[in-house]
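Grab a pencil and work through these exercises with the structure open beside you. Try each task yourself before you read the solution.

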Amino acid sequence: MYRVLCDGLPIYDLRDENLVLIDPKLDLEVNKAGSFSFKMPPQHPQYELPQKMLSCIQVFQDDEEVFNGRITECKIDFYNRKHFTCEGQLAYLNDSIQRPAEYHDMTVRGYLESLIASHNKQVKKDRQFKVGIVTVTDNNDSLYRYTNYNSTMKEIKEDLVDDLGGYLRVRNVNGTAYLDYISDYDNVSTQSIEFGENLLDFSRNTDVSDIATVFIPLGAKLEESPIAALEQRLTIESVNNGSDSLVNLDAVKKFGYITKTITWDEVTTPKMLLYKANKYIADYQWDSMTLEVSAVDMHWTDADVEQFKLGDKIKAHSSLHGLDRYFPLSKMSIQLNNLSSSKFTLGTVVNARLTSRSHTISNTASKAVDTIPVPSAIVKQAVDQATALITAATHGHVVTTANEQLIMDTNDVNTARKVWRWNLNGLGYSSTGYNGTYKTAITMDGQIVGERLVGGSVSAEKLDITYRNQVIKEIADAEESARSDAEDYTDGQLKSYYTKSEVETSIKNTKNSILLSAKETAEQYVDGKLKNYSTSAQIKVKTDSIESEVKKKLNSSELSTKIQQNSYAVKIAWNSISKYIQFEYGEMRIYESTTQNSNTLLMSMTSTGAWYYYKGATIGKIGTNGWSGDSTFRGLMFDLQNGADYMGWGYQDSPGSNYYVKLIYYANNRKEKQGLHVGANTYVWGYLRFNESAGFYNYSDKSIKLWSDKDVSIGSSSSTCCTFTGTSFQIYNNRSIDFYSPLNLHGWGYTNNSDVRLKTNIKDTAIRGLEVVNAIDLKEFDWIQSGEHQAIGIIAQQIQSFAPELISEDASDGHLKLNTDKLVYYCIKAIQELCEKEGMRYSKPIYKDPYTYLEKKTFIAKMPSQKYLESEPYEREPIILPKRRE
């Protein structure tokens with residue numbers, strides 16, 4: 001008998017002729033909110049009671065609530081009848097959103113509780129839930145999920161149901177709405193659907209295009225094919241007794257031989273291809289069968305018969321149709337006024353068909369788990385889960401035999417799947433029937449068997465716990481870790497691969513130590529280079545030390561890290577870097593290997609700084625220091641130890657290229673001259689000083705000034721050619737000056753020494769000046785270098801032929817030059833000769849040299865030397881810093 005309440009008041013009850021609804025229809029489906037629709041005539045006593053989105057509608061079958069929800073739509077027709085559509089409580093989860101958040105290291109129950117807690121903060125109390133029974137688990141029991149403004153319902157469906165499977169169920173107990181997330185419904189109905197009794201009609205939706213009785217599994221494309229024009233794929237022939245196909249004999253009896261192929265492009269080993277094909281046949285092919293039946297729920301006519309409930313496993317039997325198996329009740333459509341028209345859907349619809357599966361075989365990714373939830377959260381969640389499971393048990397069959405006590409989901413040991421069995425040897429639970437396997441048990445030999453042991457504490461004289469889990473997992477290129485491994489070890493050729501892996505974790509205690517370890521080994525990688533893999537970690541606690549180690553091996557590559565700790569030292573080791581670090585005697589030391597001696601020591605950190613070593617030699621130190629006699633004068637020092645050869649600074653011009661030395665100090669002359677060598681452009685923003693009396697000035701207009709309080713000398717490494725002082729500029733050592741531009745003296749002139757005290761052997765010249773001047777052949781010409789035209793000038797080689805003393809040769813390149821100052825004297829002599837020839841009278845004062853040769857030598861000795869005398873090099877007293885190494 002069905003009843004309907006609105007806000008706690010009855011609106012439908014066939015025992016009251018006034019409480020009648022038109023076409024009341026209840027639709028329920030697993031993992032759906034469900035719906036209830038009805039029409040209310042205007043003469044109904046509660047015509048004004050139902051309110052859209054506010055009223056609570058409940059449907060009861062006898063005293064059991066089968067629907068609870070709210071009105072989402074209300075329409076009024078021509079006859080003033082109200083048409084109501086209601087949605088179930090599960091739809092309330094669409095009223096809230098999950099803001100951006102990151103969840104990790106959480107159990108399935110913990111993550112669901114977090115989502116529901118967020119939902120409850122956003123809705124009224126009558127739209128809130130409490131997490132009830134959660135039996136769905138994650139393989140690692142440590143979820144990693146994100147939320148980002150989706151509805152709570154969408155997050156639960158995508159992050160949990162779509163990924164992990166299972167069913168959502170709402171239970172209302174004492175005014176509290178419990179949201180269960182169960183891996184399977186736990187009830188096997190005692191009522192069955194039988195032809196000739198309560199089965200009125202049924203249709204089976206199996207499509208012949210989905211049926212195959214002979215499978216030919218195909219893997220990845222092979223590089224070579226026996227038929228040149230065709231591609232060849234991997235088959236199972238080599239691991240299937242010479243046959244490339246699998247035959248389902250039971251299906252052949254029903255449908256005959258129907259052969260199809262199914263392809264996995266990513267599978268490259270025959271053994272893995274055979275495994276996947278068998279798994280497909282067992283898990284997928286027949287899952288797509290569903291039955292839609294018209295049947296009578298015998299509970300409607302006999303209250304003692306168990307009623308059909310959503311999720312129940314119901315046996316459907318019809319020998320006429322060859323039907324005899326259990327199906328889950330996945331959908332119900334109940335016509336409350338015409339129960340015989342009700343429809344029941346048995347089985348679970350699987351949308352993917354064989355024809356589409358052969359083209360779209362999905363890749364899944366294995367996810368690394370670095371941490372686990374905190375112990376307090378694990379215990380609390382386990383207690384909540386146990387409480388929800390036990391208190392929510394509403395049915396089951398207790399069977400007592402002479403030897404044992406049984407609690408089962410049916411009253412027949414031959415049909416029961418979920419069985420608690422208690423006898424003299426122990427207590428155990430099986431989800432696969434009376435004969436086991438019993439994965440949860442307490443046995444008489446003192447062992448507790450289970451996938452997980454949860455408690456606040458465990459006390460024992462000896463503890464030895466080992467957990468193994470063998471799985472087939474696929475690692476795809478969607479995961480960054482798998483992708484990096486593929487690139488590192490298979491030259492980027494590996495896109496996805498399968499492997500058979502075994503995980504083992506253990507806790508062992510001995511007389512003086514406790515060992516915690518975890519290990520994973522894998523084999524059967526599809527890439528020819530990738531055959532074996534293992535990783536392990538362990539922590540060993542002894543009475544006087546703690547040791548931890550992590551190892552990873554992939555083919556011939558092996559990586560590991562290790563930490564050892566005792567009362568006086570801590571040692572850290574890893575390969576591919578410095579391999580070994582040790583903390584002892586107030587220092588941190590880095591060694592090349594586990595062998596500890598001066599030849600393997602690379603670096604040490606002390607209170608004085610960082611010391612560096614190479615092949616047994618101390619190279620130097622980087623550290624802080626004070627100043628001799630003044631400890632407040634502080635700084636950072638790079639110290640090169642005696643015996644070391646150089647200190648340098650290098651730079652890599654481009655990725656992968658060599659490092660080039662840009663600045664280096666040589667401590668000796670073994671390779672280069674001792675000193676500081678610069679191999680790059682050097683820039684100075686301030687004043688560059690050589691000492692307190694000399695240096696360079698850097699001006700704002702980017703000009704510079706070289707200055708010295710004494711003088712500035714320029715020359716070669718062996719001699720000086722010129723000097724600058726505050727008042728003069730001297731050129732020494734017979735050096736010449738060349739000008740390639742006009743020389744503008746700005747009204748000033750140039751002079752030449754002519755003092756009589758600088759001369760000896762003075763007498764009248766024999767030069768015939770007029771003859772020389774008249775011999776000069778004046779020309780006009782163009783300069784080749786500048787292109788400039790000169791209207792008058794001389795040719796040096798022409799003058800050299802008759803007056804060589806007027807021409808000199810440049811020492812650098814041999815070009816000829818005119819000694820212009822001497823030519824002046826020739827011109828004066830020529831003018832005098834011309835005057836005499838023309839009879840022009842002139843007179844020359846007679847000058848008599850009054851100085852003796854000794855007087856002249858004395859005068860010359862007081863003059864600057866024509867050769868520059870080098871000064872002594874300036875050497876500053878070296879700066880000595882206090883020693884800081886103890």
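**Exercise 1: Empty space inside**

Task: find how many cavities of 30 Å³ or more there are, and describe the largest.

Solution. Start with the count, which comes to five cavities of 30 Å³ or more. Here a cavity is a set of points on a 1 Å grid over the protein atoms alone where a 1.4 Å probe fits but cannot get out. Next, the volume (the space filled by probe spheres set on the points): the largest cavity has about 70 Å³. Its lining has 10 residues, and the closest to the centre are Val30, Tyr167, Tyr185, Gly311 and Pro328; a lining residue has an atom within 4 Å of a point.

A word on the ground rules: this is a predicted model, where local features need pLDDT of at least 70 and side-chain atom pairs count only at pLDDT 80 or more, while totals for chains, interfaces and linings use all residues. Residues are numbered from 1 along each chain as its sequence is written, and side-chain values use heavy atoms, with hydrogens and water left out.

**Exercise 2: A pair in a helix**

Task: what separates Lys154 and Glu158 in helix H2?

Solution. First, their side chains meet in a salt bridge (3.9 Å, N to O), meaning a side-chain nitrogen of Lys or Arg within 4 Å of a carboxyl oxygen of Asp or Glu. Then look at the helix (a DSSP run of H or I, at least four residues): the two sit four residues apart in H2 (residues 152-164), so about one helical turn separates them. Lastly, Lys154 is partly exposed at 39% relative accessible area, and Glu158 is partly exposed at 36% (partly exposed lies between buried, under 20%, and exposed, over 50%, with a 1.4 Å probe and protein chains only).

Conventions
1 Å grid on protein atoms, 1.4 Å probe; cavity = no way out; pocket = protein on both sides within 12 Å on 5 of 7 lines; lining within 4 Å.
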